[in-house]
Amino acid sequence: MTRPATPSAAVPGKAGPTPPAPLLGALLVVALEALALVVAAVVLVAETVRGLALDVGSAVALAVFFVGFATLLGGAGRALWRGSRWGRGPVITWQLLQVATALALAGSLPAWLPVVLVAGAVVVVVGVLWPSSRVHASRTNAPDAVA
């Protein structure tokens, strides 16, 4: 039995077509969120080094969590860019956590911040689940940890 020809987007390591516009918009927001997590981690470490952190252990643990989640978001975004669907789960999960946190802390945050966080989450979820984005990111292969 012969195997059907696979498009270049489905072959690991080969450049495929450019992601559709809704997915590109979502990936831009995800990249900004990952960058914000790294900046928050750097601020926490700087405060710890300067002696301003109230609880050093919590500040360091939170900084490690932020860097870890930023790395996960970056990898998931890269997977979606390359056409692998496994990236949807971490990206959408982060958006749900972000919305829940923004709404829970809405009373203690500036009024514009929860609006921006919820709007960003909506843009990402819609962009990732848009039909052309789902078609683009439809490969079922396992995550590639090296390449």
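Contact is taken here to mean heavy atoms within 4.5 Å. The structure described is a predicted model.

The protein contains 5 helices and 0 strands, and from the N terminus on its elements follow the order α-α-α-α-α. Of its 147 residues, 31% are buried. The accessible surface amounts to about 8900 Å², with 73% of that area belonging to carbon and sulfur atoms. Among contacts with a separation of 6 or more, 67% are accounted for by residues 24 or more positions apart.

Helix α1 spans residues 21–49. Its 29 residues reach 42 Å from the first C-alpha to the last, close to the 42 Å expected at 1.5 Å a residue. Just after α1, Gly51 adopts a positive phi of about 80 degrees. The buried residues of α1 are Leu23, Ala26, Leu27, Val29, Val30, Glu33, Ala34, Leu37, Ala41, Leu44 and Thr48. The cover over these buried positions includes α2 (56–82), α3, α4 (112–129) and α5 (131–136).

A further set of α1 residues contributes to the surface. Leu28 of α1 is exposed, since its relative accessible area of 54% lies over the 50% cut-off. Together with Leu32, Leu35, Val39 and Val43, Leu28 forms a nonpolar surface patch of about 460 Å².

In the interior, the largest nonpolar core comprises 24 residues, and Leu37, Leu73, Leu80, Val91, Val124 and Val128 have the most contacts inside it. Helices α1, α2, α3 and α4 each supply at least two residues of this core, and the largest share, 9 residues, comes from α1. For Val91, one of the residues with the most contacts inside the core, the partners beyond four places in sequence are Val30, Leu73, Ala76, Gly77, Leu80, Val124 and Val128.

Helix α3 (residues 88–104) also holds Gln95. With a relative accessible area of 1%, Gln95 counts as buried because this value is under the 20% cut-off. Leaving aside neighbours within four places in sequence, Gln95 is in contact with Val30, Glu33, Gly120, Ala121, Val124 and Val125. Two of these partners, Val30 and Glu33, are themselves buried residues of α1. Val30 and Val124 also appear among the contacts of Val91.

Note on methods
Residues are numbered from 1 along each chain as its sequence is written. This is a predicted model: local features need pLDDT of at least 70, side-chain atom pairs count only at pLDDT 80 or more; totals for chains, interfaces and linings use all residues. Side-chain values use heavy atoms; hydrogens and water are left out. Patches are made of residues with over 30% relative accessible area and no salt bridge: like charges are joined within 9 Å, nonpolar side chains (Val, Leu, Ile, Met, Phe, Trp, Tyr) within 5 Å. Accessible areas come from the Shrake-Rupley method with a 1.4 Å probe; for residues, only the protein chains shown count as cover. A salt bridge is a side-chain nitrogen of Lys or Arg within 4 Å of a carboxyl oxygen of Asp or Glu. Helices (H or I, at least four residues) and strands (E, at least two) are DSSP runs, numbered from the N terminus. Buried means under 20% relative accessible area, exposed over 50%, partly exposed in between (1.4 Å probe, protein chains only). The expected span of a helix is 1.5 Å times one less than its number of residues. A nonpolar core is a set of buried Ala, Val, Leu, Ile, Met, Phe, Trp, Tyr and Cys residues joined through side-chain atoms within 4.5 Å.
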